[in-house]
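Got the model open in your viewer? Here's a walk through it that you can follow with the mouse.

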Amino acid sequence: MNATSPAAAPISIAPGREAPLLRPMLVTGRAYKHMVILLTGVISWGAFCFIYQGFIGLGLTGLRRPVFWAFFITDFVFWIGISHAGTLISAILRLSSASWRYPVTRAAEAITVFALGIGGVFPIVHLGRPWLFFWLAPYPNARMIWPNFRSPLEWDFFAISTYLTGSALYLFLPMLPDLALARDRSQGWRHRLYRFLAMSWQGTQQQWHRLELAIQLMAAVVIAIAVSVHTIVSWDFSMAIVPSWHSTIFGPYFVAGAIFSGIAALILIMAILRRVYHLEDYLQPKHFNNLAKLLLTMTLLWGYFVFAESITTWYGNLPAEMPAFWSKISGHYAPLFWAMVLCNFVIPFPILAIKRLRTITGMVIASITILIGMWLERFLIVVPGAATQRFAFDNWYGYFPHWTEISISLATLAAMALLYMVFSKLFPIISIWDVVGQAPAPTGEGIAEPGPGGAP
Amino acid sequence: MIEVSLRLSWDHDLAGVVKRLEAGGVPSREVNVLSRVPLPESVFPANPSRMSLIGVIGALLGFSVAVAFLVAVTVSYGLRTGGMPLIAPLPLGVITYEMTLLASILAMLVTLFVRARLGPWRRVPEHPELDYGEVIISVTCADLAQAQRAREILAGVAAGRAA
């Protein structure tokens, strides 16, 4: 028997207030469907290019001696950087008890999982024989050769798989209460899906205490992982004795750049979500304003890093370094370099620093330019150092991307958008229990809840 | 198992209701207070948890497994290093670091699932009527007599609230 009866006492939160946050999952407009078709088309084209490239071989691309890392590795570093938007930022805000984080964290954490998945694909796309990608995994292959644990590429495997696991869990665990809510409010296949994903969450106080503690502890661990991941990605370059790659500053420089591009991606996606799903009541100007201040800090930090790296190289005047340096400042790659400075500093700085310009539209413009600038930055780290002639060989080629490389890169951009759209249809994109349900302090004396098993 | 439940608002004396159930002979482990959001710890304080300790133990375990794995593999399948040491602590330390943190996270995850009784295989009563601003006092009864007792107590609470 169920003795449930309606509550007579007034409640502080009106019932059904979660409805606006569940609505994006249930209402699918025509524009959404058209967008899905368009993005699927772009992804299919990219998949075709990848298969075509596998059939012909990597010689199809613009990769020529000595530039063996170019577009795909640029994309790899870029997407791993974007992935720092979510888990790292969310974890820092959670640990610092920043109360304005509530509507932001879920959207941010989802970016991490998808960007990391996409970024992790690029080393495979970059392989000459991608069907042998599992040779990266640490087990003896057919010739009893184990992976070389000294290789930074092997470190990538461990770092990215650890970060992906941690980030996926960090996204999933805070979703449990919302999945249970969706389970209770849904029927049919959605009910079965949410019942499975909710992991039998009931909302007992025992469960709440354990969940909040687990999220808090994981936040601390995830920060340590996130910092290590982009440091290790930077070591892919700085461990090599290639001019403009071999730098001690690359670890923090990459981490700062990753957070920089990550915040820009987060602002852009939040603005899109706000407009498309009419979430103006939840994603408010103050949230954008707070993120814009973080972005302004990172703009300055990025400028500082670029200046410090450039002046050290210029002052050192090492013969091996200078051709690559001048190719960026005034040579072949100068247009890209100065475009990068324009996009990462000159345009966003006044927009973010001047209060009158720091509107949501202004922040979106700044974020788009920063994302373009950060992709250029990754490209300028990867390519000029390898492309600049260091030896007196005649067959020293430059690099120009093939259309298949551009197509595959654009396809991953479409994949990111599509994954995010599908995610927002299946799961609440804003943490409902965080945003809607902040309980007031009830009356009554305190007693310990009779937990089923004690600690832990 | 029979579930007897009562929906109440947040501002009700929830602790008092739980006390009355316990006084009425309902085992405390069978009483749960369900809510859509965590209630303040001043009302239902958290039991002491060893999750952080288990996280540290998981990290130590991960560290040990990583070191054993990397050293065993490096020695068993030695690469030509040109006179450099076969076991290189710093490069292996990078992988060890990642495996240590991964094991720590997994240990905390398992602890959460066990102690919070989570898992897709479990079947629990669903309460679609539960809203924000409310709680459900849920009593899982082993037999009809206990269910009758719990029902009477909760009915008394509901009557008192209506009055």
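What follows covers confidence first, then the cores, a pair of helices, an enclosed helix and a few loop residues.

**How far to trust it**

This is a predicted model, where local features need a pLDDT of at least 70, side-chain atom pairs count only at pLDDT 80 or more, and totals for chains, interfaces and linings use all residues. Residues are numbered from 1 along each chain as its sequence is written, while chains are lettered from A and ligands numbered from 1 in the order in which they are written.

The model scores ipTM 0.91 and pTM 0.88. As for pLDDT, that's the predictor's confidence in each residue, on a scale from 0 to 100. Chain A has a mean of 86, with 89% of its residues at 70 or more. Residues 1-15 of chain A fall below 50, and beyond near neighbours in sequence this stretch has 43 contacts in the model. Residues 439-456 of chain A are also below 50, with 52 such contacts. A contact here means two C-beta atoms, placed from the backbone, within 7 Å. Where pLDDT is low, don't read the predicted coordinates in detail.

Chain B averages 86, and 98% of its residues score at least 70. Among the elements of chain B, helix α3 (residues 89-115) has the highest mean pLDDT, 94, and helix α4 (residues 144-162) the lowest, 79. Helices (H or I, at least four residues) and strands (E, at least two) are DSSP runs, numbered from the N terminus.

**The cores**

A nonpolar core is a set of buried Ala, Val, Leu, Ile, Met, Phe, Trp, Tyr and Cys residues joined through C-beta atoms within 7 Å. Buried means 20 or more other C-beta atoms within 10 Å of a residue's own, exposed means 12 or fewer, and partly exposed is in between, with C-beta atoms placed from the backbone.

The largest core has 149 residues, and A:Ile111, A:Ile263 and A:Leu266 touch the most other members. Helix α10 (residues 250-276) of chain A gives the most to this core, with 17 residues. Beyond four places in sequence, the contacts of A:Ile111 include A:Ile82, A:Ala85, A:Leu266 and A:Ile269. Apart from this core lies another of 27 residues, among them B:Leu6, B:Phe44, B:Leu130 and B:Leu154.

**Two helices in chain B**

Helix α2 (residues 51-76) of chain B packs on α3(B) at about 145 degrees, with the axes 7 Å apart. Axes are lines fitted to C-alpha atoms, for helices over the stretch in contact, and angles run from 0 to 180 degrees between N-to-C directions.

**An enclosed helix in chain A**

Why is helix α7 (residues 176-185) of chain A largely enclosed by the rest of the structure? Because 8 of its 10 residues are buried. Those buried residues include A:Leu176, A:Asp178 and A:Arg183. Their cover includes α8 (188-197), α9 (205-238) and α17 (432-435) of chain A.

**Loop residues worth a click**

A:Met199 and A:Ser244 each turn up with a positive phi without being glycine. Here they are side by side:

| Residue | Loop | Phi | Other C-beta atoms within 10 Å |
|---|---|---|---|
| A:Met199 | between α8 and α9 of chain A | near 55 degrees | 22, buried |
| A:Ser244 | between α9 and α10 of chain A | about 75 degrees | 24, buried |

Over in chain B, B:Val124 lies in the loop between α3 and β3 (134-141). B:Val124 counts as buried because 20 other C-beta atoms lie within 10 Å. Leaving out residues up to four places away in sequence, B:Val124 touches A:Ser200 and A:Gln202.
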